Amino acid sequence: MLDHVFTDAISALRDAFESAFLERQAFEEHFQSDVLSGDLTWETSYGLPGEGEPPRVAAHITFEWPAWSQAAYRHWYLEEILERRPAIEIEIVLRVQQLTEPADSEVIYSTIPAMSPLIGDDRLERAGMTAEVAHPDPADDPPNLGEARSEHAIEITYEGLYELAEATVADGTNSLLDEHFGALGGWIASTLVKLGDLSLDFLPDLE
């Protein structure tokens, strides 16, 4: 792993999720670079232990390191002066899938908080809920056409910025990053448990 504050933040989040006993969905992790804008993006997914593949409830996390944050960080690295605080743009999507019918939005909203725990100086804010429905293609399995059922899913999105103070940028031990992201793992785990405990009807496991 590169010696960079962005990758240090990724490591801190991974440690927080492992401490909360969340399971990483290995094939859902990506690290990408936009060659035009210079932005870096890291995406990963975690689920509750024992949920199987794919899990019925999962969290999809996206970290984005914009080019302007890299410029601010590089200026501090060379000049040791932090004129503008670099920031990581964070998006967390909580997904409940494999549902037999649409979920009641009022029940979902009453179950999950409007904001995340404090991450550094700020919190992630709930940005809304999206409902999804997938209809099976009857051409895929004509004999079971009468048994084919639509699959429903919902996604609740949280968004926000994590601004890095000079003390965090200069901390070579990453203890501040561990402290700031530590509460995020437990919060996501408990929220996924609450969503999974709702009286929702799920499709049977493919196995």
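User: Which residue follows H2, and is its phi positive or negative?
Analyst: This is a predicted model. Helix H2 covers 67-79, and the loop after it runs to strand E5 (87-99). Directly after H2 the phi is positive, near 60°, and the residue there is Glu80.

User: Where is Arg84 placed, and which residues does it touch?
Analyst: Arg84 belongs to the loop between helix H2 (67-79) and strand E5 (87-99). In space its C-alpha is 9.5 Å from that of Glu166, with the two positions 82 residues apart in sequence. Not counting residues up to four places away in sequence, Arg84 touches Trp68 and Ala72.

User: What distance separates the end C-alpha atoms of H2?
Analyst: H2 has 13 residues, and at 1.5 Å a residue they should span 18 Å. The distance between the end C-alpha atoms agrees with this, at 18 Å.

User: Which residues of H2 are buried, and how wide an arc do they cover?
Analyst: The buried residues of H2 are Ser69, Ala72, Tyr73 and Trp76. They lie on the same side of H2, because the arc they cover around the axis is only 95°.

User: Which residues are exposed on the other side of H2?
Analyst: The buried residues of H2 pack against helix H1 (5-19), strand E4 (57-65), E5 and helix H4 (166-170). On the other side of H2, the exposed residues are Arg74 and Leu78.

User: Which elements do the buried residues of H1 pack against?
Analyst: H1 has 15 residues and reaches 21 Å from its first C-alpha to its last, close to the 21 Å expected. Its buried residues include Phe6, Ile10, Leu13 and Phe17. The buried residues of H1 pack against strand E2 (30-33), E3, E4, H2, E5 and H5.

User: Is Phe21 buried or exposed?
Analyst: Phe21 is in the loop between H1 and strand E1 (23-24). Its phi is positive, about 60°, although Phe21 is not a glycine. Most residues other than glycine have a negative phi. At 64% relative accessibility, over the 50% cut-off, Phe21 counts as exposed.

User: Is Gln98, with its phi near 65°, buried or exposed?
Analyst: Gln98 lies in strand E5. The phi near 65° is a positive value in a residue other than glycine. Relative accessibility is 11% for Gln98, and the cut-off for buried is under 20%. Gln98 therefore counts as buried.

User: Which residues touch the most other members of the largest nonpolar core?
Analyst: The largest nonpolar core has 49 residues. At least two residues of this core come from each of H1, strand E3 (40-47), E4, H2, E5, strand E7 (151-163) and helix H5 (175-196). One of the residues that touch the most other members is Ile92, whose contacts include His60, Leu124, Ile156 and Trp187. The full set is Phe63, Ile92, Phe181 and Ile188.

User: Is Ile112 buried or exposed, and which residues is it in contact with?
Analyst: Ile112 lies in the loop between helix H3 (105-111) and strand E6 (125-134). At 5% relative accessibility, Ile112 counts as buried. The C-alpha atoms of Ile112 and Ala58 are separated by 14 Å, and the two residues are 54 apart along the chain. Leaving aside neighbours within four places in sequence, Ile112 is in contact with Arg126, Ile156, Tyr158, Thr191 and Leu195.

User: How many cavities of 30 Å³ or more are found, and which residues line the largest cavity?
Analyst: A search of the whole structure finds 1 cavity of 30 Å³ or more. The volume of the largest cavity is about 30 Å³. The residues that line the largest cavity are Arg85, Ile119, Gly120, Asp121, Asp122, Leu161, Tyr162 and Glu163.

User: In what order do the elements of the chain run from the N terminus on?
Analyst: The chain has 5 helices and 7 strands. From the N terminus on, the order is α-β-β-β-β-α-β-α-β-β-α-α.

User: Among contacts between residues at least 6 apart in sequence, what share joins residues at least 24 apart?
Analyst: The C-alpha trace spans about 70 × 35 × 25 Å along its principal axes. Of the 207 residues of the chain, 41% count as buried. Among contacts between residues at least 6 apart in sequence, the share joining residues at least 24 apart is 70%.

Terms used. Residues are numbered from 1 along each chain as its sequence is written. This is a predicted model: local features need pLDDT of at least 70, side-chain atom pairs count only at pLDDT 80 or more; totals for chains, interfaces and linings use all residues. Side-chain values use heavy atoms; hydrogens and water are left out. Helices (H or I, at least four residues) and strands (E, at least two) are DSSP runs, numbered from the N terminus. Contact means heavy atoms within 4.5 Å. The expected span of a helix is 1.5 Å times one less than its number of residues. Buried means under 20% relative accessible area, exposed over 50%, partly exposed in between (1.4 Å probe, protein chains only). The arc is that of the directions from the helix axis to the C-beta atoms. A nonpolar core is a set of buried Ala, Val, Leu, Ile, Met, Phe, Trp, Tyr and Cys residues joined through side-chain atoms within 4.5 Å. On a 1 Å grid over the protein atoms alone, a cavity is a set of points where a 1.4 Å probe fits but cannot get out, and a pocket is an open set with protein on both sides within 12 Å along at least five of seven lines; lining residues have an atom within 4 Å of a point. Grid points are joined across faces, edges and corners, and a volume is the space filled by probe spheres set on the points.
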